[in-house]
Each structure stands twice: as structure tokens, then as C-alpha cells.
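User: Could you take me on a close look at the salt bridges in this model? I would like to know which side chains pair up, and what surrounds them.

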Amino acid sequence: RLQSIMHTNIMQLTINDIQRAVNLDAKRLSHKSLKGSLSLLKSVLGVQGIEINTKRISLPPKRKKQVVLPDAAEVLGLIIGTDIELPCLLAMWMSLRISEVRGLQFRDIAEDGSSLQVCRAKMYFDGHDVVRDVNKTYDSTRNNSLPPYLLDMIRAVPHDRDDEFIVNQSYPYIWKHFKMLMTEHGYDMAFHKLRHEFATTLNDLGIPSDYIQKLGGWATDNVMKSVYTHTT
């Protein structure tokens, strides 16, 4: 992002230079992406004692996305029986990000099997995995009830130690095969949309929003309601 100013000496950088860089990127990037880029740029320049009022920079207009989610039962029907059933159901039934799904270990299951602690993430960067003992946000570390159906699937996964990962499939494998499965049946849906299915389904069932928020690990209900919950 903002590649046109990448080699500009920061002492010579002007607000007009930044605006031109934003205008160029506006052809391919969203309002949110460019706003984040400007925030990072402002912080970096501030460390060097250079203050630029980024509020004067015009961003591309926000565009509302029309998200159409397939019925949850239809998605479940496509997932069940495939080799990515377990990671998909962990994401959909427990509202986990793909990094949280891949970060789960057998020791995270409560002794009585009733709950699962979400306390680490296995992320995929530049072709290899990076494991962190923290989640994306403070509220993402949580204990969620574990459905018996999922508990039985997890217990069926061969393992020798409690610190082994429950899901060993790679990020590209899970992402690609889920996308292919959805496309094959006429749905334009990425793996992360399973969290949308979770929030939307619980909302349709009349579950109070503060419960959905805690289960999904959202810090506030604003993002949950505006981004993840859809009308069906």
C-alpha cells in the first residue's frame, strides 16, 4: 500500500504526496484498508517527529457490501462427511477463526469434556506456521461449551500427547478445499464466513447479543452486529 511514496525521503514528504498515493490505491483498495494504512503511516512518522494531519486526506467512499449467507443447514449438509468437517464445525459451532481452530490442542479440553479453551493461535505467514500463545484480541481468549458431537470427533483424532494440535491440516489446504466445496455448490463463501453463520444463526434463535459477543470473542457488539450478523 502507498507504494508511490515508498522511496520518498520522509523529511520531504508532503500531504499532497500522500493524497496522490491514496488516490492511486483507491482503485484497488477499500476505505477501511486505506484508513488503516494512513494510521500506520502517521504513527511511524510521529516517532520520527514528523506530524502530518491525515484527517485532511480524502479517502474513497465506503461501499456497503451485500452479504448473502446460505442457510446454516445447507452449509452443514455440504461439510459433514468431508475431510475438513472438524475444522469447519469448530469454526461454525464455536465461532473460531481459522488461526484459533488450528491452534487448538488436546490439553485445551476440560477434564469432563464439557468445554474447550481458546487460548492460542497458529497463523500462516510466508509459507510457514507461526504459533502464538495469545489470540487476536484480549476477549478472544475464552472458554466455550463443547458439543458432544464435536468432542467425539476430536477424541477420534490419533495423538500421543496432550500438547499436540487437534487439527493438523495446513491453512492453504483448509482454505482451498472449503472454497472449492462452496463454489462447486454455487456459493461464494470463504472459510471465515463460518463465523458469520455462527453469529447470524444465534441471532435468529433469539440468543441475547451479549452472549453471542462473549462466545465469539468480540470486544464489543458493534463489530459483531454490523459485520457478522446478517438478516435471513
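Analyst: Happy to, and let's start with Arg28, which is exposed because its relative accessible area is 55%. Please keep in mind that this is a predicted model. The side chain of Arg28 meets that of Asp25 in a salt bridge, with 3.6 Å from N to O. Asp25, for its part, counts as buried because its relative accessibility is 7%. So here an exposed arginine is paired with a buried aspartate.

Over the whole structure, the search finds 9 salt bridges. Another of them joins the side chains of Arg20 and Asp17, at 2.7 Å from N to O. These two residues are 3 apart in helix α1, so about one helical turn separates them. Asp17 is buried, since its relative accessible area is 19%, and the cut-off for buried is under 20%.

Helix α1 (15–25) also brings us to its neighbour α2, as α1 is among the parts that cover the buried residues of α2. Those buried residues are His31, Ser33, Leu34, Ser37, Leu38, Leu41 and Leu45. Around the axis they span an arc of only 160°, which means that they sit on the same side of α2. On the other side of this helix, Lys32, Lys35, Leu40 and Val47 are exposed. Helix α2 itself runs over residues 31–47, 17 residues in all, and from its first C-alpha to its last it reaches 25 Å, close to the 24 Å expected at 1.5 Å a residue. Just after α2 comes Gly49, with a positive phi of about 80°.

Now for a pair that spans more of the chain. The side chains of Glu100 and Arg142 form a salt bridge at 3.1 Å, N to O. Glu100 belongs to helix α5 and Arg142 to strand β4 (residues 142–145), so this pair ties together parts that lie 42 residues apart in sequence. Glu100 and Arg142 are both buried.

Glu100 has a further partner in Arg97: their side chains make a polar contact at 2.6 Å. Taken together, Arg97, Glu100 and Arg142 are linked in a network of salt bridges. Arg97 is found in the loop between α4 (85–94) and α5 (98–103), and it counts as buried because its relative accessibility is 11%. What else does Arg97 contact, leaving aside its neighbours within four places in sequence? The residues are Lys136, Ser140, Arg142, His192, Arg195 and Gly217, so Arg142 turns up here as well as in the network.

The helix leading into that loop, α4, is mostly covered, with 9 of its 10 residues buried. They are Glu85, Leu86, Pro87, Cys88, Leu89, Leu90, Ala91, Met92 and Met94. Just after α4, Ser95 takes a positive phi of about 55°.

One last point concerns the cysteines. Cys88 of α4 is buried because its relative accessibility is 0%, and Cys119 counts as buried because its value is 17%. A disulfide is a covalent bond between the sulfur atoms of two cysteines. The search of the whole structure finds 0 disulfides, next to the 9 salt bridges we began with.

Note on methods:
Residues are numbered from 1 along each chain as its sequence is written. This is a predicted model: local features need pLDDT of at least 70, side-chain atom pairs count only at pLDDT 80 or more; totals for chains, interfaces and linings use all residues. Side-chain values use heavy atoms; hydrogens and water are left out. Helices (H or I, at least four residues) and strands (E, at least two) are DSSP runs, numbered from the N terminus. Buried means under 20% relative accessible area, exposed over 50%, partly exposed in between (1.4 Å probe, protein chains only). A polar contact is a pair of N or O atoms within 3.5 Å; within protein, one must be able to donate a hydrogen and the other to accept it, and residues adjacent in sequence count only if both atoms are side-chain atoms. Contact means heavy atoms within 4.5 Å. The expected span of a helix is 1.5 Å times one less than its number of residues. The arc is that of the directions from the helix axis to the C-beta atoms. A disulfide is a pair of cysteine sulfur atoms within 2.5 Å. A salt bridge is a side-chain nitrogen of Lys or Arg within 4 Å of a carboxyl oxygen of Asp or Glu.
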